[in-house]
Amino acid sequence: METQLDPMKDDLPLMANTSYMLVKHYVLDLDVDFTSQVIEGIIVLFFETGSQYRKTSSTSKEDCQSQFGGTCKIRSSESCHIAMTNVNVCSCIMECNNFAFCGKGEEDTSDKNGNHSNEEQVSGTSGSKDCCDIENHGNKDFLLVLDCCDLSVLKVEEVDVTAVSGIEKFARSAKLTGVSKELENLRNWIVHELVTLPADRCKEQLYYFTCCSQAPGCGELLFTTDTWSLEIRKSGVQTPADFPHAIRIWYKTKPEGRSVTWTTDQSGRPCVYTTGSPINNRALFPCQEPPIALSTWQASVRTAADFIVLTSGENSAEPVQLQEGILSWYYYVTMPMPASTFTIAVGCWQEVKQQSLTTALQKNIEFSLPSSQTDFRYDEEICGHVEYPCRFQNPAARLQAVIPYRVFAPWCLTECCEEHLLQLIPQCLSAAYSTLGTHPFTRLDVLIVPSNFSSLGMA
């Protein structure tokens with residue numbers, strides 16, 4: 001029986017098997033409908049094979065370590081069921097104490113939440129799936145597990161990245177390394193080359209991510225959902241290395257989903273925004289939540305022309321009119337971050353602007369540190385993070401005490417924000433800079449939302 005958790009009291013279950021498949025980039029293409037209070041659209045996920053699978057592959061796949069740190073010894077000649085019953089000492093008790101999933105599942109075409117499903121029912125935790133399905137004991141198909149809650153998943157398919165014009169340049173090196181010419185392996189190799197491009201090619205990378213996200217599909221994948229996860233498999237594929245590394249998911253949120261709040265602003269007009277709690281973004285899009293899962297993303301969001309869309313991104317998006325009464329907003333991020341930090345807010349906001357450009361420029365000068373202070377602080381700054389376009393290596397960014405910022409609020413608060421908030425933000429940014437150093441982000445959006453969320457998770 002499935003354990004019932006209270007997100008306000010219990011820790012969220014980390015279902016995603018990131019040790020074997022790791023999302024490197026998300027492409028979201030969404031429509032926001034205030035009438036139905038639903039966000040609907042498509043998400044494309046680009047994967048890299050996880051470090052744990054690469055490790056087990058290099059050691060003849062004898063050990064299977066779960067993402068929770070426990071290790072279960074499994075001999076490749078034994079079935080999963082027998083291997084699990086022979087475990088004497090295993091720290092991953094939660095993962096190993098239920099091996100019902102090793103048996104044949106019951107056929108089911110829809111889950112208890114009414115979501116479409118085209119896969120047989122699977123039970124057990126993600127750790128259990130790591131110990132069995134991942135390593136192909138008993139000829140099990142590999143099972144990709146994503147964190148997901150309160151979503152209606154409609155369809156999942158593999159993306160044919162080879163159909164993208166110009167993508168062949170990422171396939172050239174495959175011939176030199178002996179990569180199989182089979183189409184499935186070629187697709188995965190192209191995704192590997194794309195997600196591992198160096199930071200100085202981030203614009204090219206974003207361009208091809210966009211093109212690949214619009215490429216045709218090349219076969220539906222089997223999937224099923226339960227309370228906390230979306231499970232996907234491809235019939236006959238038994239290892240993460242052979243599993244599609246670019247997949248497209250059609251889905252829609254539910255009005256009761258706990259990742260977003262549908263409400264009215266202080267002016268009484270409809271709005272929706274991510275609350276960051278109590279279940280992060282797993283009711284906004286299928287994702288990976290374990291701490292190791294750092295990814296980049298880009299998002300195109302469409303809604304009625306009366307609304308402004310704000311999303312975490314490095315660019316200050318300008319709307320594009322698609323048709324009469326419909327605008328599209330595009331944001332992107334090149335710094336790998338947890339999926340829980342993705343934010344979206346859609347409402348009838350008004351941008352609060354400085355009365356004088358001269359005043360704004362003066363504030364940047366006024367709150368900049370003297371050059372004598374910046375010189376000694378950044379003489380030999382070394383970053384140890386994964387590669388991305390890092391502002392800490394940019395001399396101009398190091399001297400920027402006040403990054404560009406925008407302020408949005410309901411129309412009834414714009415005058416108050418102009419009078420008080422605009423005077424405080426440059427002082428706060430400068431104080432943060434003098435205390436912590438270079439701002440890691442290129443810009444900042446500040447939004448005044450209703451005081452109807454229960455925690456500071458959004459902070």
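pLDDT is the predictor's confidence in each residue, on a scale from 0 to 100. That score matters here, since this is a predicted model. Across the protein the mean pLDDT comes out at 79, with 70% of the residues reaching 70 or more. Two stretches fall well short of that. Over residues 60-114 the pLDDT stays under 50, although the model has 110 contacts beyond four places in sequence for them. Residues 370-379 also stay under 50, and there the model has twelve such contacts. Where pLDDT is low, the predicted coordinates shouldn't be read in detail.

Now for the sheet. Eight strands make up an open sheet with mixed pairing, and their order is 7-6-10-2-1-13-16-15. At its edges sit strand 7 (217-220) and strand 15 (320-323), each of which pairs on one side only. On average, neighbouring strands of this sheet are turned by 25 degrees against each other, if direction is ignored. To zoom in on one pairing, strand 2 (residues 38-49) and strand 10 (residues 246-253) run antiparallel and are joined by seven bridges. Within this pair, E40 stands opposite K252 in strand 10.

Two helices go with this sheet. Helix 6 (residues 183-195) packs on it, touching strand 1 (21-33), strand 2, strand 6 (151-159), strand 7 and strand 10. The direction of helix 6 makes about 95 degrees with that of strand 2. Helix 7 (residues 202-213) lies across several strands, among them strand 1, strand 13 (294-304) and strand 16 (326-338), and it runs at about 125 degrees to strand 16.

One residue of strand 1 deserves a closer look, namely H25. With a relative accessible area of just 1%, H25 is buried. Its side chain makes polar contacts with two other side chains: that of T296 at 2.6 Å and that of Q298 at 2.8 Å. Leaving aside neighbours within four places in sequence, H25 is in contact with residues including V44, L45, F46, L206 and F209.

What about disulfides? A search of the whole structure turns up zero of them. For C212, the closest cysteine sulfur belongs to C211 and is 6.9 Å away, so the two are too far apart for a bond. C212 is also buried, at 1% relative accessibility. C348 is in no disulfide either, as the nearest cysteine sulfur, that of C271, lies 8.4 Å away. Like C212, C348 counts as buried, with a relative accessible area of 4%.

Notes
Residues numbered from 1 in each chain as written. Predicted model: local features only at pLDDT ≥ 70, side-chain atom pairs only at ≥ 80, totals over all residues. Heavy atoms only, no water. Contact = heavy atoms within 4.5 Å. Pairing = 2+ DSSP bridges. Helix = DSSP H or I, 4+ residues; strand = E, 2+ residues; numbered from the N terminus. Axes fitted to C-alpha atoms, helices over the stretch in contact; angles between N-to-C directions. Buried < 20%, exposed > 50% of the residue type's maximum accessible area, 1.4 Å probe, protein only. Polar contact = N/O pair within 3.5 Å; in protein donor to acceptor, adjacent residues only side chain to side chain. Disulfide = S-S within 2.5 Å.
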